[in-house]
Amino acid sequence: MSANLSTRIILILLAANLLMGLARIAMLPAFEGYDETAHYSRLEAEAFAPPGTPNAFISKDVENYYRHGPMSPRWIFARDFNNAYHAALKNGTPFDLAAQEKKENGYTDYRDFFAKPPLVNDYARLYRVQPAPASFTASQTANWQYQHPPFYYVLFSKVLRAAQDQPLLQRLLILRILSYLTAFAGFAIGLFATLRHLELRNNRAARAIAALCAFYPFVMPVYFDEFARLGNDSLCALLFGINWALILWYLRQPKEAFIWVLMGVTMGLSYMTKMVMLPADIGFVLFMLLQPAKGLDRLKPAATAGAIAAAIGYLSTANGGFSGSIELQAWLHGQGFVKGDGLPWSEIFFNVRTMLTSMVYNFSDMAMFGTGDVAVGAIFIALLLILAKWALAQPRDPRREEWLPIYPLILLMAGLFLHAVLGAIAYHADHVAVTPSRYIHVAAPALMLIFGAGMYRLLPLRVGKAFCGALLIVGVLFNTVIMALRLAFFTGCAWIGPNYTGLKLDLGADACKSGTIYDRLAILGWPDFGMICVSASLLLLIGATAATIRHFKNLNDM
């Protein structure tokens, strides 16, 4: 692939990535993003709570929103789950989600919300038109995001202070955009660092691999669901991207001590952002220890980076500690796990369908809507094929730099797996998925390299070319369909079925008319800006896909 073509494809896909993220944000209702209620409450507490104020709770601003605004069923479930867990700990009783769900009567989903015009008018006045200075008053609901170190919240609370006099929807828009730009910067840094490293290593396929890497968010579009929201994962993604660039630099100049220092600082800041980054940082240090050198020359880089990271990480725990797991914290503070009559081990660890579905949902943006076994199986097989082709092409020695992506990813996945197992044990519940979650995408540079190099290795095969071309085309279609379904859901044209699974559509209803959808989106977000961004993003994605597929037929160009 020529330098001009690969550069053009990469820049086009980066622009499409940015625009898709902005489109998601512009048409994402308040607090619909994963854990946003808790993240926003923590930001308000950091920005406005006076010293000594109990701040490990959901803000009353958020609780009040529950009474005026629409909430999707999965967030009703999340709140009920959280309250049921803490009630079980407090009362020494078994975890009883069903009993907690019966207590909740103050919520409404999007379909019910738009069926009540007075409620819609009141919502628009309170949250879209009327300036309402942000503040923090603690509710009675525990904030599950208080388990995390404070770095993200300290930084972004400054942004919230600057926007405190804006209506709530405008405040969320500003915070989300800055969060997404933070993650996007990490993605771009990781991508260009990978391209430069492969070129400096005289890899003839460097530009082709980098161009395929840039498709990764569109083929695994839960990336957008993960970062087009509030949350400390965006800062984790930036810090991982920086650390990825630094370790590639270290591989080329292993004796430069200032690189070790920079890696240590970045890893320490990662720990100060989210405990889940600790395993990934350990993976980087372990890889450094395995590099070919003798005696102290092998030990000094890893020891220097690790010691600096540990020192910075200790500062984040000096005020009481962060274990990174609500369940583990409860146990460490003597509260133990909820009572129960035994653990459903077979359901937790041996329910193959649940585990595969959970794994697929970590990459495909379908968790909100559910999907059938055929789709789950197809996505899993496609991803497994790419991973297998990448792994089989690597040298046998796992210390070689080609294996670098595995080190942070394996340990990050192990940490997420441990968290899920702790949750399953803590809740005595079989519905806690014991597979790594969507948080795996904070390690986007490692994932994209496996994806891009795996795709490239498939191209010499005739069926491989067809597979890669079909996968990129499916990526275009999938992003289009998912966006359409999200908009239908947010405007009441679609709704979630019983038990928070499946999606129901009534295409003949007034709610599914284009004019109605637009008017309702205009209450919840910014549809003009969002539709411009998503249309431009999809056009750019189609153009990049077409240009890439045209070159699949000529391996010499690739």
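Leu 458 sits among a set of residues from elsewhere in the chain: setting aside anything within four places in sequence, it is in contact with Leu 385, Ile 386, Lys 389, Gly 464, Lys 465, Phe 467 and Cys 468. The model here is a predicted one, and in it Leu 458 belongs to helix 22. With a relative accessibility of 4%, Leu 458 falls under the 20% cut-off and so counts as buried. One of its partners, Ile 386, is 72 residues away along the sequence, yet the two C-alpha atoms are just 7.7 Å apart in space.

That partner is worth a look from its own side. Ile 386 is part of helix 20, which covers residues 373-392. Its relative accessible area is 3%, so Ile 386 is buried too. Beyond four places in sequence, Ile 386 touches Ile 450, Phe 451, Gly 454, Met 455, Leu 458, Phe 467 and Leu 471. For the pair Ile 386 and Met 455, the C-alpha atoms are 6.1 Å apart, while 69 residues separate the two in sequence.

Now for helix 22 itself. It runs over residues 444-458, and its 15 residues should span 21 Å at 1.5 Å a residue; the C-alpha atoms at its ends are indeed 21 Å apart, so the expected and computed values agree. Most of helix 22 is covered, with 14 of its 15 residues buried.

Helix 22 also turns up in the nonpolar interior. The largest nonpolar core holds 101 residues, and the members that touch the most others are Leu 191, Tyr 216, Met 263 and Phe 451. Helix 22 gives the most to this core, namely eleven residues. As a general tendency, nonpolar side chains in soluble globular proteins are often buried together. Tyr 216 shows what the surroundings of one such well-connected member look like: leaving out neighbours within four places, its contacts are Phe 187, Tyr 223, His 441, Ala 444, Leu 447, Met 448 and Phe 451. There is also a second core, separate from the largest one, with 50 residues that include Tyr 40, Ile 76, Leu 160 and Leu 238.

Helix 13 makes a handy second example of a covered helix. It has 20 residues, 233-252, and reaches 29 Å from first C-alpha to last, close to the 28 Å expected at 1.5 Å a residue. Since 16 of those 20 residues are buried, helix 13 is largely enclosed by the rest of the structure. Further along the chain, Thr 545 is found in helix 25, residues 527-552. Thr 545 has 4% relative accessibility and therefore counts as buried. Its contacts, apart from residues up to four places away, are Phe 215, Leu 472, Ile 473 and Val 476.

Stepping back to the whole chain, the secondary structure adds up to 25 helices and four strands. Of the 558 residues, 55% count as buried. Contacts often link distant parts of the sequence: among those between residues at least 6 apart, 79% join residues at least 24 apart.

The packing leaves some gaps. Searching the whole structure turns up six cavities of 30 Å³ or more, and the largest has a volume of about 50 Å³. The lining of this largest cavity consists of Ile 25, Ala 26, Leu 28, Pro 29, Ala 30, Leu 169, Leu 172, Leu 173, Arg 176, Leu 524, Gly 525 and Trp 526. By class, that makes ten nonpolar residues, one polar and one charged. Helix 1 (3-26) and helix 9 (168-200) each supply at least two of the lining residues, and helix 9 provides the largest share, with four.

Finally, two loop residues have a backbone angle worth pointing out. Phe 31 is not a glycine, yet its phi is positive, at about 65°. Phe 31 lies in the loop between helix 1 and helix 2 (36-48), and with a relative accessible area of 1% it is buried. Asn 202, again not a glycine, has a positive phi of about 60°. Its place is the loop between helix 9 and helix 10 (206-213). Here the surroundings are another story: whereas Phe 31 is buried, Asn 202 counts as exposed because its relative accessibility is 67%, with the cut-off for exposed set at over 50%.

Note on methods. Residues are numbered from 1 along each chain as its sequence is written. This is a predicted model: local features need pLDDT of at least 70, side-chain atom pairs count only at pLDDT 80 or more; totals for chains, interfaces and linings use all residues. Side-chain values use heavy atoms; hydrogens and water are left out. The expected span of a helix is 1.5 Å times one less than its number of residues. Buried means under 20% relative accessible area, exposed over 50%, partly exposed in between (1.4 Å probe, protein chains only). On a 1 Å grid over the protein atoms alone, a cavity is a set of points where a 1.4 Å probe fits but cannot get out, and a pocket is an open set with protein on both sides within 12 Å along at least five of seven lines; lining residues have an atom within 4 Å of a point. Grid points are joined across faces, edges and corners, and a volume is the space filled by probe spheres set on the points. Ala, Val, Leu, Ile, Met, Phe, Trp, Tyr, Cys and Pro count as nonpolar, Asp, Glu, Lys and Arg as charged, and the others, Gly among them, as polar. Contact means heavy atoms within 4.5 Å. A nonpolar core is a set of buried Ala, Val, Leu, Ile, Met, Phe, Trp, Tyr and Cys residues joined through side-chain atoms within 4.5 Å.
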